[in-house]
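Student: Before I accept the terms used for a structure, I would like to see each one checked against its definition. Can we do that here?

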Amino acid sequence: MKNYFILILLLLNNISLGGTIDPSTPDKKYIEFGKKFESVVRIKAKIKSNHQFGSAVIIKPHWALTAAHVVIDTEEKTILGENQEYPITKIIIHEKFEENDIGHNDIALCYSPEDFKLNFYTPLYTDHNELGKQITIAGYGSHGTFLTGAKESDGIKRAGSNVIDGIEKSILICTPSTSGKTALEFMIAPGDSGGGMFIGNKLAGINSFLMAKDKKPDGTYTDESAFTRISLYADWIEQNSKD
């Protein structure tokens, strides 16, 4: 792991942060693109007396994936659909996840007895060739640009693109570009934990944390977005998500 300041993307009371965008691209384009990601949803959990929000990705009629640190030691967990809430009655956190081992094995399965009834369930990316691939990322809430960092929260889903330019063991990494950038350059921001990163129409990563050379992990230039690498966990996911 690079010797940068590392921050797990913590849930914040009553808000869920989305991502930061290219300052030269209109925000409405990211909002419109976000509507295409039906499988990316919000997850609500209770810690002590507070409700906290994060993200998750629905992968089967009764199963969703999120980051382990989103749901560990929480109660009253639900998936927030467009028109209803889906109770989560079972959580399976990866057995090697440790809260003090930032980013590694940061993945959890969520089971709901109610059918999510999506039009399309996101398959898993199983190839180990992610480096250099163009990706898409979707998430909710607070947003800003690569210049300002994440500043505002409006609860709207946004999505954008980037390229995987690094792999650190079980983690995939991307950075914001100033040249040779993708059409909708995008980065995760604090609070976006548990959301999805995709290669084509397959789920290739779960949003996990940010690394920042300036010790201010807010999704600005030089920050790095890090994702749990789904291709290393596909067997674990399939073995543990049988109805």
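Tutor: The questions below take up a lysine, two strands, a serine and two pockets in turn.
The model is predicted, with local features needing pLDDT of at least 70 and side-chain atom pairs counting only at pLDDT 80 or more, while totals for chains, interfaces and linings use all residues. Residues are numbered from 1 along each chain as its sequence is written, and side-chain values use heavy atoms, with hydrogens and water left out.

Student: Why is Lys157 called buried?
Tutor: Buried means under 20% relative accessible area, exposed over 50%, and partly exposed in between, using a 1.4 Å probe and protein chains only. Lys157 has 15% relative accessibility, so it counts as buried.

Student: Which residues does Lys157 touch?
Tutor: A contact means heavy atoms within 4.5 Å. Leaving out residues up to four places away in sequence, Lys157 touches Tyr30, Ile31, Gly34, Phe37, Glu38, Val40, Gly139 and Tyr140.

Student: What makes the approach of the Lys157 side chain to the backbone oxygen of Phe37 a polar contact?
Tutor: A polar contact is a pair of N or O atoms within 3.5 Å; within protein, one must be able to donate a hydrogen and the other to accept it, and residues adjacent in sequence count only if both atoms are side-chain atoms. The distance to the backbone oxygen of Phe37 is 2.6 Å. The backbone oxygen of Val40 lies 2.9 Å from a polar atom of the same Lys157 side chain.

Student: Where in the fold does Lys157 sit?
Tutor: Lys157 belongs to strand β13, residues 157-163. Helices (H or I, at least four residues) and strands (E, at least two) are DSSP runs, numbered from the N terminus.

Student: How do you know that β10 and β13 pair?
Tutor: Two strands pair if DSSP finds at least two bridges between them. Seven bridges join β10 to β13, and the two run antiparallel. One of the bridge partners is Ser161 in β13, opposite Thr136. β10 also pairs with β17, residues 196-199, in the antiparallel sense over three bridges; there Ala138 has Gly196 as its bridge partner.

Student: Why is β10 described as largely enclosed?
Tutor: Six of the seven residues of β10, residues 134-140, are buried, so the strand is largely enclosed by the rest of the structure.

Student: What makes Ser231 buried, and where is it found?
Tutor: Ser231 has 8% relative accessibility, so it counts as buried. Ser231 is in the loop between β19 (224-229) and α3 (234-240).

Student: Which side chains make polar contacts with the side chain of Ser231?
Tutor: His128 does so at 3.2 Å, and Glu130 at 2.6 Å.

Student: What makes a space a pocket here?
Tutor: On a 1 Å grid over the protein atoms alone, a cavity is a set of points where a 1.4 Å probe fits but cannot get out, and a pocket is an open set with protein on both sides within 12 Å along at least five of seven lines; lining residues have an atom within 4 Å of a point.

Student: How many residues line the largest pocket?
Tutor: The lining has 19 residues, with Glu38, Val41, Gly81, Glu82 and Asn83 nearest the centre. Its largest share, three residues, comes from β3.

Student: Which residues line the second largest pocket?
Tutor: Among them are Phe33, Phe37, Glu38, Thr136 and Phe198.

Conventions:
Points joined across faces, edges and corners; volume = space filled by probe spheres on them.
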